[in-house]
Amino acid sequence: MTLETQPVVINFGPQHPSTHGVFRLVLTVDGEVVIDAKMVLGYLHRGVEKLAEEKTYVQNITFTDRLDYLSAMSNNFAYVQAVEKLAGIAVPERAEYIRVIMAELQRIASHLMAMGTFFQDAGGWGGPLMYMFRDREKVLDLFEMACGQRLTCNYMRPGGVSMDLPPEFIPELKKFIPAMRAYLDEYEELIAENEIFKIRTRGVGILPKELAIDAGASGPVLRASGVRWDLRKDDTYSIYDRFDFDIPTGTVGDCYDRFMVRLQECRQSLRIIEQAVRDIPGGPWVNPGVRGNVWAPPGEAYAHVEGPKGELGFYLVSDGGVGPYRFKIRSPSYINLTALKEMTVGYKVADAIVILGSIDIVMGEVDR
Amino acid sequence: MTVLDYLYDLSNLVQAFANWLSTFAPGWVVYWVVGLIAVATTLLFAVNNTLAMNYIERKVIAHFQVRYGPNRAGPYGLLQPVADAVKILLKEPIIPAVADRPVFLLAPIAAFVPAIMPWAVIPFTPQMMVADLNVGVLYVFAMGSLATIPIFMAGWSSRNKFALLGAMRAVAQMVSYEVPLVLSIVGVVISAGTLSLRGIVEAQAVPYVIPQFLGFLVFFVAGLGELNRSPLDILEAESEIVAGYHTEYSGFMFILYYIAEYTHLWAYSAFITTFFLAGWRGPLLPPYVWFVLKMLFVAFLLIWLRATMPRLRIDQLLSLAWKFLLPVALVNVFVTAVGVFIFG
């Protein structure tokens, strides 16, 4: 006798504990096995791209803070670079160093959240997540010291940064680097060496190299699949060519690799910060020629950075006014998500959550 | 008898009361009154642990996670469980329109009753127990098995996909873990030569955790599966299926599940104490104090696990039960039987 079975459609989200915001995932399951996955996006659509056309270049910086709200500095960085390209503004040396330090600190903070919530998606009860909150707090304290804001920093300006680093910033940062190194070692022991964590993540959600490239994935998701692609080296911007650092890559492209790539990247970021702190020059922190609003000649510009989640790009078109005529965001979370179905189908329901967690999405950036 | 004797074993107190009562009351009155006292105190101890364990668990996990835990309601947040209980009791119990009403309403009660039944045979001291059944071990596991059915009732009658998934997992998990759980205790039974829980404790000159280490290991892990505790808590895996089988329950019905869950946990601590940690035995302190201390220690181990471990997936969980725990339990039974046959 054969028993008849029927696939069941399960709706995860938009209100669900582990969809990292208002993401909705419609899974078709055969028992516990996922046979189809469909994403429904747009629950957090705010129309940022349209809004930005009504504002000035400088006002739009605050919008970029709120895209990927876990990495405001990197967003600022990408956007002001696009504006500088468009308007032809030079950036003083010191400002470049400050920007790199901030972007790398932000990468650490963002990866900490990614790793902590990922562990929680795998079913851990929040212990490591809380440790990571504790350490991220130190990064946020540094941000607060520099610009008065912790999450939505709004720190960078076309031509530099909004204010100079306070004198106590560099000593605090020097204390932070070894402390963070020790914590990262601890996480490797606590999480990456955990047997249950290993069997939950190894061989799960494999994203093959070719598919990763075809899907346009970037950031840790792409590098975990074994592609050595990092804009900081492959399309060097700002002053990244002056620093010595490695690009960690994975081999299999499973969830474990994505986790390990993030962990290694934190170490590399610390290396960059160390060198930047050593070399940072004095001088002006903002181009003295830029005060208040920025006018750009008609034209277009695209600038991108290697954000914590992947390639974050801003495409701006100017009609000669004080604000952009068109404002387009290439958000890494959104494009990394497109391969979700291929990664999920064939695995269990519990794996679907782990895979989603390993992509590290922030809904503010997926829906713009 | 001095005051210290009464305190050393609280059942002496009941005995004295019974003696006094029998001076003027007929025998059956004494029997019923003493019986009711025993049942009431045991039940209070079993069920009120929910409040205590709730507080302990939150506080301990908080400290694992570099937090403070509840510290607002009352001194050290001690009244937090009370506040939570009152809050949940005031909630409206919502029954989904499509739910299978009779089964939906019956399930929490059916979950609650088997959770408190095993307490009848747990020996806090040689005298402090409601009944010393000569088939105590069998009774305990029979009651444990009953816990599966209400979970499936809840998941099925809710007509909720998350609840159904949880119930489906529950059946697969609890049926699988029942087998190594029962087998793991066979070694203890062979060594002690009795099924009575009091007899098992009395047989432990050395706590069985040492000679029966394999059995202890299997019992501990399989018990986690039976209890649905982390890292084997897949049927209420909140990151996947929200709250599992009790997703649709609210108000008082939810409380019944909550109490059942913690009573199971507390009973499991009591079983480990009885079977493997030599129950009430220990120097100086009164026996029941030893018993509760050992239970608290086991409960702490459970909380510790919960604070550190991620969750297994269903297929990994089942293969752990059938491919690892079951063979180990069988080996343990074999070795114990041969050992007892040769050495007496």
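**Briefing: sheets of chain A and helices of chain B**

The crossing of α7(B) and α8(B) is left-handed. This helix pair belongs to a predicted model, in which chain B has 14 helices and zero strands. Chain A, by contrast, contributes two open sheets to this briefing: one with the strand order β1-β2-β3, and one with the order β6-β7-β8.

**The helix pair α7 and α8 of chain B**

- Helix α7(B) covers residues 148–158 and helix α8(B) covers residues 161–192; the two pack at an angle of about 160°, and their axes are 7 Å apart.
- Because of that angle, α7(B) counts as roughly antiparallel to α8(B).
- On the α7(B) side, the contact is made by T148(B), I151(B), F152(B), A154(B), G155(B), W156(B) and S158(B).
- On the α8(B) side, the residues met are A163(B), L164(B), G166(B), A167(B), A170(B), V171(B), M174(B) and V175(B).
- Eleven of the residues in the contact of α7(B) with α8(B) are nonpolar, four are polar and none is charged.

**Chain B as a whole**

- Read from the N terminus, the elements of chain B follow the order α-α-α-α-α-α-α-α-α-α-α-α-α-α.
- Chain B has a radius of gyration of 21 Å, close to the 20 Å given by the globule rule for 344 residues, and is therefore as compact as a globular protein of that length.
- Along the principal axes, the C-alpha atoms of chain B fill a box of roughly 60 × 55 × 45 Å.

**The sheet β1-β2-β3 of chain A**

- Strands of a sheet pair through backbone hydrogen bonds, in either a parallel or an antiparallel manner.
- In chain A, the open sheet of three strands ordered β1-β2-β3 has antiparallel pairing.
- Its edges are formed by β1 (8–12) and β3 (33–40) of chain A; each has a single partner strand, so one side of each is left without a neighbour in the sheet.
- From one strand to the next, the twist of this sheet averages 20°.
- Strand β2(A), residues 24–30, pairs with β3(A) in the antiparallel sense over seven bridges.
- D30(A) has V33(A), in β3(A), as its bridge partner.
- Helix α14(A), residues 349–359, lies across β2 and β3 of chain A and runs at about 150° to β2(A).

**The sheet β6-β7-β8 of chain A**

- Three strands of chain A, in the order β6-β7-β8, form an open sheet with antiparallel pairing.
- At the edges stand β6 (299–306) and β8 (326–330) of chain A; each has a single partner strand, so one side of each lacks a neighbour in the sheet.
- The twist of this sheet averages 10° from one strand to the next.
- β6(A) and β7(A) run antiparallel and are joined by eight bridges.
- Opposite E300(A) stands V317(A), which lies in β7(A).
- The hairpin formed by β6(A) and β7(A) has four residues between the strands, and G310(A) in the turn has a positive phi of about 145°.
- Strand β7(A), residues 311–318, pairs with β8(A) in the antiparallel sense over five bridges.
- G313(A) has R330(A), in β8(A), as its bridge partner.
- Helix α3(A), residues 72–87, packs on this sheet and touches β6 and β7 of chain A; the direction of α3(A) makes about 150° with that of β6(A).

Note on methods: Residues are numbered from 1 along each chain as its sequence is written. Chains are lettered from A and ligands numbered from 1 in the order in which they are written. This is a predicted model: local features need pLDDT of at least 70, side-chain atom pairs count only at pLDDT 80 or more; totals for chains, interfaces and linings use all residues. Two strands pair if DSSP finds at least two bridges between them. Axes are lines fitted to C-alpha atoms, for helices over the stretch in contact, and angles run from 0 to 180 degrees between N-to-C directions. Two residues are in contact if their C-beta atoms, placed from the backbone, lie within 7 Å. Angles under 35 degrees count as roughly parallel, over 145 as roughly antiparallel, 65 to 115 as roughly perpendicular and the rest as oblique. A crossing is left-handed if the near helix is turned anticlockwise from the far one by less than a right angle, and right-handed if clockwise. Ala, Val, Leu, Ile, Met, Phe, Trp, Tyr, Cys and Pro count as nonpolar, Asp, Glu, Lys and Arg as charged, and the others, Gly among them, as polar. The radius of gyration is taken over C-alpha atoms; the globule rule is 2.2 Å times the number of residues to the power 0.38.
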